[in-house]
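Below are some questions and answers on one helix and one sheet.

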Amino acid sequence: MTLFNSIASWIMKKRIHQMELFMRYPHEVQHDWFNKLILTAANTEFGRSHDFKNITSPQQFAQNVPLQDYESLKPYIERIRKGEQNILWPSEIKWFAKSSGTTSDKSKFIPVSEESLEECHYKGGKDMVSIHCNNHPETQLFTGKSLALGGSHKTDYFSNYESYHGDVSAIIIQNLPLWAEFLRAPNISIALMDEWESKLEKMALATKDENVTSLAGVPSWMMILLKRILDVTGKKSIKEVWPNLEVYFHGGVSFNPYRQQFKNLFGSGEVDYIETYNASEGFFGIQDQMHSDELLLMLDYGIYYEFIPVEETGKLSSQAITLDQVEIDKNYAIIISTNAGLWRYSPGDTIRFTNLNPYRIKISGRTKHFINAFGEEVIVDNADQALKVACDKTNSQIREYTAGPVYLENGEKGAHEWLIEFDKPPADLRYFSEILDNALKNINSDYEAKRYHSLLLQMPLVRELPDGSFYKWLKSKEKLGGQHKIPRLCNDRKIIDEMKKLLNISE
């Protein structure tokens, strides 16, 4: 295993030179992918109807192809699911990632081509390992196994045609080459189980005696699994269970509310944390620097990027800009065209650039996850920052949270209502609320203006929820496990009211 580890680490580190290439020549690399995508899809139904053959520039591309969302591409996708091909992309597509970026009842089925699996999703997985190996030349990562916490998939039957849908993590696991099975745990029959609570139990029992050197998965669900492993083993820390654990690859939600909880779970000994920005639609970014929470925008994954300033989203006159036009510290909705046939598509995420040489970003939220009931324009990034300040100053820790507006009714002023499940509650919830309020004022000038003398917005209403409340809500929605996560901010009271009713919380 030591020889294998040395060879594997050397191979992984070779990829760093290719990353340096797109970091030095970002616009050229993006231009090459733009041309390749347009040329490859020129004879598809979508390509013919939008005259791809005569597109020679990003400007012409924007003129020929309107901005897309899931609803506009859904008719094409449904036909592909039923067996029609060469619609959005020329190669056969049989796999569809069931999007769970929100907890709405509507499911989205994102096409996953062989090219997007190989050149995007798998490449992203290899690159995050390459970055860890490059940052830690002494790594022993390949002497043990990786525990990846994924979802499940199902078969769809349409007449004489079979297609498959599931969490993108499950699609990746199912399609991994056979040799990769020797490097991961647990076995595939457990990893792809459908029933979440049974799966957690079997995963804990199957991996507790393995030599696990890396973890990968959404923080909220990984935390539940690790706590169960501690219960099963009777150990006080995960490093006692897996002393050779080196790195945790995480993504899907902001890590700030979970960071201290994972440090407590892991115990003594160093564990590297590497954030990734991967979604059903593609793999977009990786944290490449050890002491920075910025993500390197990955430019050679078969994705062509455009960006829309957040304040312009939803307008008929919205104009997307190219990578060479973006500015630092400005919020953009991300627009992608991919090697799975998503054309000028909005996955619903917002980002801001922290560096332009190379291009590094932070995820600032979702285009639909914000509170702007009174013109305050609070985004997820604002909320995460403010909660961190409140936790630091009150020596508390948050497990999960969601927030929404309290509307202007019966002559009363509006407010924001926060439902928070604490891992370590503050001694004084009122003091916690005051710090949260002041932090939001410092971060967001629109919120500060609406809170001025409490003329429009009152102090935030913070409610401490019992342990397991968010788990109970997700279970009631049949959304346990996989990529399912709690919407942090909502511009309506649907989730707030559902949770209060479920938990029997009165005003």
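Q: Which exposed residues does the face of α2 turned away from its buried side carry?
A: The model is predicted: local features need pLDDT of at least 70, side-chain atom pairs count only at pLDDT 80 or more, and totals for chains, interfaces and linings use all residues. Residues are numbered from 1 along each chain as its sequence is written, and side-chain values use heavy atoms, without hydrogens and water. Exposed means over 50% relative accessible area, buried under 20% (1.4 Å probe, protein chains only). On α2, a DSSP run of H or I with at least four residues, numbered from the N terminus, the face away from the buried side holds D32 and L39.

Q: Why do the buried residues of α2 line one face of the helix?
A: The buried residues are P26, V29, Q30, W33, F34, L37 and I38. Seen down the axis of α2, the directions from the axis to their C-beta atoms set the arc, and the residues line one face because they fall within 160 degrees.

Q: In what order do the 4 strands of the open sheet lie?
A: Strands are DSSP runs of E with at least two residues, and two of them pair if DSSP finds at least two bridges between them. The pairing in this sheet is mixed, and the order is β2-β1-β5-β4.

Q: Which strands are at the edges?
A: Each edge strand pairs on one side only. They are β2 (108-112) and β4 (153-158).

Q: Which residue in β5 stands opposite W95?
A: Strands β1 (residues 95-99) and β5 (residues 161-166) run parallel, joined by 3 bridges. Opposite W95 stands Y164.
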